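User: I am new to reading protein structures, and I would like to take a close look at one part of this one. Could you walk me through a single sheet, its strands and whatever lies against it?

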Amino acid sequence: MADRIYMSSPDVTAAEEAAVIAALRSGWVAPLGPDVDAFENELASRVGVTHGIALSSGTAALHLGLLALGAGPGDVVVTSTMTFAATTNAIMYTGAEPYFVDCLPDTGNMDPDLLRKALTRLRVDGRKVAAVVPVDLLGKTVDYTRILEISELFSVPVLSDAAESLGASHRGRPAGSFGKASIFSFNGNKIITTSGGGMLMTDDGELAQRVRYLAAQARQPVVHYEHTDVGYNYRMSNLLAALGRAQLARLDRMIAARRSLRERYKSLFRDVPGVGIFGAEGDHEDNVWLTAIVVDAAVTGWEPAELSAELARHNIESRPLWKPMHAQPVFRQYRGEISGASERLFRTGLTLPSGSALSAEERDSVCGVIARFLG
């Protein structure tokens, strides 16, 4: 395992080790504690919102965010089709029905024109839309200026899935600060990690209070255990929050490391006809979580899968872009506004090793294999 080069392995140093040990020795081992409080406050300050609620996963944050917005059986939640399954799974947990919106071909993010079409169609059909959940793909934010404008026109709240975009921004405003609420993921492969974990961000005090309540088993504030609602065991461990605080302190350095690798990939593929760095146009506000290429096989003479196979022969991980949710067997029965852009990206895209933990030797190895394949 140590010899394998991963796309985005955890970037953990002595600082994280010291933080976790200090939390362990403090006696705050169970969920909640001073590091949870501090992590919430520090990330809320970084993003520029009032409230952060640290949770067991980004999926949990999506689930509770949707519940707090009132999503339930009979409702529709409009969301990006170009995403990981967790986004749609959280919608399904509420009993609501997903409605998929295809992407812009140059970014993979939700197409605002198709969102307008979706909300118009659903209004004509008489359906109640509980929320719009746009997804920031691979560290590039959606066009929140247009997405929020359209959603407000239809009086539908936005829950931003910023799982992949911590540290990115849109027109100078940080990812995680848009909509009625936003969520981050701290899964092991994310830009910062708490092993597992996530956080919901919001300026809405009532929504924050509701999420905290549901995340702690919906326990009433009495001495004995009293419950009037179904709750969830979704709060974050104090030990993991300590890890997250140490990671957050290093966020800008980790983004810089990923950006330097993206620039190297740009140079490597610059003179290769038929290959482009996905989303590279205007990427100065991205957190460059993952770098992917898009391949026109009619020009290159080779498919993305061939380069992926060559990397795999050298024990280097790579992966296609997300398979769209509307094409997943479990979700095929649900409707959407589909242009075909996400399916083309799935066929032509390949995600390359992008992590900030990659050593100079590992970067050289990856780029060497690619260069030999191209040459």
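Analyst: What follows begins with the whole protein and then stays with one sheet and its surroundings.

This is a predicted model, and the protein in it contains 13 helices and 13 strands. Its C-alpha trace spans about 70 × 60 × 35 Å along the principal axes. For 375 residues, a compact globule would have a radius of gyration near 21 Å, and the protein agrees with this because its own value is 21 Å. Buried residues make up 55% of the 375 residues, and among contacts with a separation of 6 or more, 72% are between residues 24 or more positions apart.

The part to look at closely is an open sheet of three strands, which stand in the order β10-β11-β13 and pair in the antiparallel sense. The edges of this sheet are β10, residues 275–277, and β13, residues 349–352; each has a single partner strand, so one side of each is left without a neighbour in the sheet. From one strand to the next, the twist averages 25 degrees. As general background, the strands of a sheet pair through backbone hydrogen bonds, and they can do so either parallel or antiparallel.

It helps to follow the pairing strand by strand. Between β10 and β11, the latter made of residues 291–295, there are three bridges, and the two strands are antiparallel. One place to find this pairing in the picture is Ile277, whose bridge partner in β11 is Ile293. On the other pairing, β11 is joined to β13 by four bridges, again in the antiparallel sense. Here you can look for Ala292, which stands opposite Thr351 in β13.

The strand β13 deserves a slower look. In a regular strand the side chains alternate between the two faces of the sheet. In β13, Gly349 and Thr351 are on one side, while Leu350 and Leu352 are on the other, and all four are buried, so both faces of this strand are covered.

Two helices lie across the sheet. Helix α9, residues 251–269, lies across β10, β11 and β13, and runs at about 165 degrees to β10. Helix α11, residues 304–313, lies across β11 and β13, and its direction makes an angle of about 25 degrees with β13.

Within helix α11 sits Ser308, a residue that gives a useful detail of how this helix meets the strand. When residues up to four places away in sequence are not counted, Ser308 touches Ser318 and Leu350, and Leu350 is one of the buried residues of β13. Ser308 itself has a relative accessible area of 18%, and it therefore counts as buried, the cut-off being under 20%.

For contrast, the protein also has an open sheet of four strands, in the order β4-β2-β3-β12, where the pairing is parallel. Its edge strands are β4, residues 129–133, and β12, residues 336–337, each of which pairs on one side only. Four bridges join β2, residues 76–80, to β4, and in this pairing Thr79 stands opposite Val133.

To return to the sheet you asked about, its order is β10-β11-β13 with antiparallel pairing, helices α9 and α11 lie across its strands, and both faces of β13 are covered.

Methods: Residues numbered from 1 in each chain as written. Predicted model: local features only at pLDDT ≥ 70, side-chain atom pairs only at ≥ 80, totals over all residues. Heavy atoms only, no water. Pairing = 2+ DSSP bridges. Axes fitted to C-alpha atoms, helices over the stretch in contact; angles between N-to-C directions. Contact = heavy atoms within 4.5 Å. Buried < 20%, exposed > 50% of the residue type's maximum accessible area, 1.4 Å probe, protein only. Rg over C-alpha atoms; globule rule 2.2 N^0.38 Å.
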